[in-house]
Amino acid sequence: MTASFIASKAHAADATAPGGGTVHTLIIDTDPGADDVIALLFAMASPEQLKIQALTTVAGNVPLAKTSRNARLAREWAGRPDIPVYAGAPRPLLRTPIHAADIHGSEGITGVKVHAPSQPLADGNAVDYLIRTLRAAPEKSVTLAMLGPETNLALALTQAPDITRGLRELVLMGGAHFNGGNITPTAEFNVFADPHAAEIVLKSGVPITMLPLDLTHKVLTSPERIATLRGIGNQAGRTVADILDAYVQHDMQYYGLTGGPVHDATVVAYLLQPSLFKGRKVNVEVDSREGLGFGQTVVDWYGGLKKPANVTWIAEGDAQGFFDLLTQRIARLL
Ligand SMILES: [Ca+2]
């Protein structure tokens, strides 16, 4: 691409994990969601780089009770009972709640049977947890991965604007520019599900990296890539393959693609190996007005507005590198 197209790289002062890669003190905010479950397994299989403090759940792909159940299932499947799960916002800030059971199934996970997890939710609300944790954290120390509508952080920022101090970076799956939307012609689901929350987050002043549909629709499954995951031979590999086999069908048919995207899992790959991705620092704003553009991310790719860049917008990625890393990490699980 052009000279201003920057390769992402780790912060110079960061701690390095054995074998390379940045170490993140991480909270994952999520609305599982089939692709969220894969992202969570991927992250929980990478403890030397991702020091996961908690999972916080939000209503999104399915209602909050199910996203919270599914996050606990992912924790159980990954064998990580040490990670607490806090339930957060049951509905968006202002708009009418929407869900995506047509893509993720009525339980929010495709292709596998769900059950009641053995371990309960942590006591207390995710928004309170975020405020308490980020206030107590050293300056710029916590990375927040955001895999669903951004309601929880928007509520936390509204109640306690000082928490930005504890945040190092937000890495979020959301938005669409070159690709067009997946829930309307202009909007991507996570932003469309709570555009007012996304607006608050994008104006927070915290460094933000966004992995939009522009990227995720280029990092596609193939029968071979799913077969490789299944071929690991462990239960986690079979679970991921079963989820993907069912999940990608809709998108392959709807978009006429040769494989399906695994949206949220790209966030985890970015945290583990940012050199797989390329992006550009740009100004991004959200359209929260009623109308055809509701929930659209307006990306000033050419800098015409002369507004400060608030987002590193990831537009390119190494698809085979992504699936190789996912397979390598899923192979670590039982
Ligand atoms: Ca999600």
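1. Helices (H or I, at least four residues) and strands (E, at least two) are taken here as DSSP runs, numbered from the N terminus. The model is predicted, so local features need pLDDT of at least 70 and side-chain atom pairs count only at pLDDT 80 or more, while totals for chains, interfaces and linings use all residues. Residues are numbered from 1 along each chain as its sequence is written, and side-chain values use heavy atoms, with hydrogens and water left out.

2. On the second largest pocket: at least two residues of its lining come from each of helix H1 (34–44), helix H3 (101–104), helix H6 (189–193) and helix H10 (235–255), and H10 gives the largest share, five residues. A pocket is an open set of points on a 1 Å grid over the protein atoms alone, where a 1.4 Å probe fits, with protein on both sides within 12 Å along at least five of seven lines, and lining residues have an atom within 4 Å of a point. Of the 25 lining residues, Ala-100, Ile-103, His-104, Asn-182 and Phe-189 are the closest to the centre of the second largest pocket.

3. On aromatic contacts: the structure holds seven aromatic pairs, counted where rings of Phe, Tyr and Trp (its six-membered ring) have centres within 6.5 Å, with planes under 30 degrees apart called stacked, over 60 edge-to-face and the rest tilted. One of them, Tyr-86 with Tyr-129, is stacked, at 4.3 Å centre to centre and 20° between the planes. Because Tyr-86 lies in strand E4 (residues 85–87) and Tyr-129 in helix H4 (residues 126–136), this pair ties together parts that are 43 residues apart in sequence.
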